[in-house]
Amino acid sequence: MAGQPPAMEVPEDAAIQKVVWEGNFPLRIQLEAKEVTTLTPPPPLFLMAPRLGYLPLLASKIEPHFRAALPPGTDAIWFEYRGLPLKWHIPTGVLYDLLAEEKTLPWQLTVHFRTYPSELIPIEGEETVKWSYMNALKEAVYIMHGSTKPVMSLSQKDQEELWRSLAEGDFNRHTSSAASLGVSTSSRPRSVPLRLYLRQAGTSGAHVKKWEEIAVTTRCADVMDSGSPATLGGALHKAVPHLFDEGASNNLPALATELGRRVSGLEIEPSTSRRNSITEELTDSPRDTSRRGSSAESPGGVPSAGTSGMVRETSEEGSGGVGSESTTPRGSEAGESDEASLAKKEVGAEGGGEVHSDVVDRSFPNGLVVRIQGTEPRWDVPLNWLSRNLSHPDHFLHISVWRREAGQE
Amino acid sequence: MAALSPTDFARGARYFVDVWNTFRDEQAEWVEFPLDVAAVHQVSGYVALSNIPAMSATPSEIAAESSMLTGLEEPLDELDEDTATLVFPSTAAAHTYDFHMVYSPAYRVPFLLLRGQRLDGTLLTEEEMAADLPAQTAELVNDGRKWLFLTRQDHPYLNQPWSALHPCETAQMMKLLMGQESIQTSGENEEKTKSGEIRAAKYFLAWFSVAGPVVGLTLPLDAYRFQL
């Protein structure tokens with residue numbers, strides 16, 4: 001990597017996407033005690049699970065290990081974490097972000113092959129998983145482009161290729177077959193598809209015991225917010241305002257209001273920052289080791305300053321409102337071909353949106369924990385950037401949200 | 001865009017519940033969310049039709065259905081009796097169904113979820129449900145298109161697996177049904193006005209006139225005589 005030109009190259013997006021794609025984390029899987037028919041239970045199985053994958057796709061690696069110990073009967077594989085049956089249609093990495101609050105690794109799961117629980121969607125082999133993915137993809141593409149046509153008009157072969165490459169974790173193949181969707185990742189979508197997983201207040205101290213404690217909801221988030229690029233915080237504030245309102249009863253009501261005000265684009269602080277690391281940390285997964293080594297300037301990890309078009313130097317005296325001259329960015333998002341009518345607005349605004357002071361705390365207020373792809377991004381990360389780089393192959397940005405109770409951590 | 005806002009969904013759905021309860025014996029219920037749940041989902045509630053006995057459709061009933069939907073050739077008084085009893089306790093009525101009409105925030109349209117149960121409360125498999133559904137529907141479910149049409153997915157508010165009549169083609173269909181009217185989504189001003197109210201009610205009924213019969217739910221033609 002030596003001698004590479006200065007950052008701010010568009011291809012960095014692809015590099016980040018590749019890192020995201022390759023993300024995986026270790027599982028320790030033991031067989032449910034009631035299903036052990038041998039005198040000594042089989043030893044637990046350790047394996048790496050792709051973050052973007054789905055649990056049933058691991059069946060072929062898991063089943064042989066436990067087969068000898070299983071009672072006679074038909075298999076229907078399912079997984080459990082601390083008594084909670086895991087919904088297989090939620091990507092494995094999202095389940096981990098949502099349920100493993102202390103991020104313990106390896107993640108300890110129990111596998112079952114019998115008594116499939118009624119709270120899980122019945123599964124008839126990989127085909128069920130594939131269609132669950134295809135339907136989610138269709139939904140996301142509809143949100144982004146107002147039509148399901150890109151997905152519906154895929155040939156059988158392309159569709160199969162799109163799925164196989166995901167099931168096999170082949171990034172390059174998936175990227176090229178995703179290109180056959182005809183949905184350009186560089187053009188700006190109408191809206192950003194969000195899948196929000198909200199752990200209800202008051203449950204954050206304990207483990208999730210029932211799915212009723214989690215609300216899963218789909219949102220179409222605006223790409224722009226009052227003329228500025230929408231931020232993660234702004235989008236969440238709009239999507240689930242009650243999470244922020246409840247903060248008023250907490251010790252930091254002012255911060256919640258402040259956040260609401262800032263993210264709505266009404267106020268932009270003068271900039272003192274040159275380089276902002278987008279995420280405080282990347283993930284716990286081993287995959288980012290190499291990445292950390294190579295991004296010396298940003299110990300924070302992967303989506304680092306300058307690696308995308310979204311974080312760039314801003315004017316020193318930047319202040320005032322959206323679109324004022326001082327917020328004109330130094331670089332534009334090369335590779336983005338926005339509709340002419342909107343392009344100008346966005347270019348002006350994108351700079352403005354990022355003029356924030358480093359002294360401002362960019363973490364979420366009031367103990368809100370927001371996890372995407374194993375990271376806990378700051379609230380001021382532009383949503384469109386997150387969507388481009390941290391979305392799942394179903395094109396949804398899966399976001400886990402809960403409130404860390406006072407005294408926790 | 002032939003879309004429906006969450007507010008209009010609630011208005012249309014409430015109107016539908018009134019109409020249904022006027023014309024049908026089994027009572028439809030508007031299930032209002034508690035405030036916190038409503039805040040999370042940005043929808044205030046959904047329509048529930050519970051414990052509806054399984055229909056067993058015969059070709060003649062299907063024909064009656066489609067004539068009710070498409071043609072107005074037949075005199076109304078002849079149709080009333082028949083269509084009102086399309087869903088009826090049959091010998092196979094050991095199966096009962098719950099139908100929920102919910103809002104899809106992604107497609108911005110209503111969609112239908114259903115769940116069949118045996119008398120002992122255990123859930124029916126997809127195959128068993130297909131056998132209870134109108135013949136045309138069963139055909140779709142059993143051939144290769146089943147994944148695109150009737151899919152198992154989590155109920156968006158209850159978080160348990162239900163079968164969904166897939167909403168991805170609904171907007172397109174509503175454009176056809178509502179014509180010009182569908183293009184005028186009620187704006188801020190219209191939200192509270194009479195015309196917005198009427199549009200929401202019309203939209204919901206028009207949607208139901210197509211989606212309902214797919215799972216054997218019908219309203220008599222009188223119910224579609226629009227008065228608001």
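Across all chains, this predicted model holds 23 salt bridges. Side chains of opposite charge can pair when their charged atoms come close, and a few of these pairs are worth walking through one by one.

Chain A offers two examples with buried partners. In one of them, A:Glu376 teams up with A:Arg371, and 3.0 Å separates the closest N and O atoms. A:Arg371 is well hidden from the outside, as its relative accessible area is just 1% and it counts as buried. The other example joins A:Arg378 to A:Asp380, with 3.3 Å between the closest N and O atoms. Here A:Arg378 is buried at a relative accessible area of 8%, and A:Asp380 is buried too, at 6%. Because buried means under 20% relative accessible area, A:Arg378 at 8% and A:Asp380 at 6% both fall on that side of the cut-off.

Over in chain B, a salt bridge brings together the side chains of B:Glu128 and B:Arg118, at 2.8 Å from N to O. This pair ties together distant parts of the chain: B:Glu128 sits in helix α5 (residues 126-132) of chain B, while B:Arg118 belongs to the loop between β4 and α5 of chain B, 10 residues apart. Both ends are partly exposed, with a relative accessible area of 25% for B:Glu128 and 28% for B:Arg118. Back in chain A, salt bridges also go beyond simple pairs: through shared partners, A:Glu126, A:Glu161, A:Arg164, A:Glu168, A:Asp170 and A:Arg173 end up in one network.

Chain B also contains an open sheet. Its 6 strands pair in antiparallel fashion and follow the order β1-β2-β3-β4-β6-β5. At the edges stand β1 (28-32) and β5 (150-154) of chain B; each has a single partner strand, so one side of each is left without a neighbour in the sheet. On average, and ignoring direction, neighbouring strands in this sheet are turned by 35° against each other.

Within the sheet, strand β2 (residues 45-53) of chain B runs antiparallel to strand β3 (residues 96-104) of chain B, and 5 bridges join the two. Along β2 and β3, B:Leu49 can be found opposite B:Phe99 in β3(B).

Two helices of chain B lie across strands of this chain. Helix α1 (residues 6-23) of chain B covers β1, β2, β3 and β4 (109-117) of chain B, and runs at about 150° to β1(B). Helix α10 (residues 194-214) of chain B lies across β2, β3, β4 and β6 (161-165) of chain B instead, at about 35° to β4(B).

Terms used. Residues numbered from 1 in each chain as written. Chains lettered and ligands numbered in written order. Predicted model: local features only at pLDDT ≥ 70, side-chain atom pairs only at ≥ 80, totals over all residues. Heavy atoms only, no water. Pairing = 2+ DSSP bridges. Helix = DSSP H or I, 4+ residues; strand = E, 2+ residues; numbered from the N terminus. Axes fitted to C-alpha atoms, helices over the stretch in contact; angles between N-to-C directions. Contact = heavy atoms within 4.5 Å. Salt bridge = Lys/Arg side-chain N within 4 Å of Asp/Glu carboxyl O. Buried < 20%, exposed > 50% of the residue type's maximum accessible area, 1.4 Å probe, protein only.
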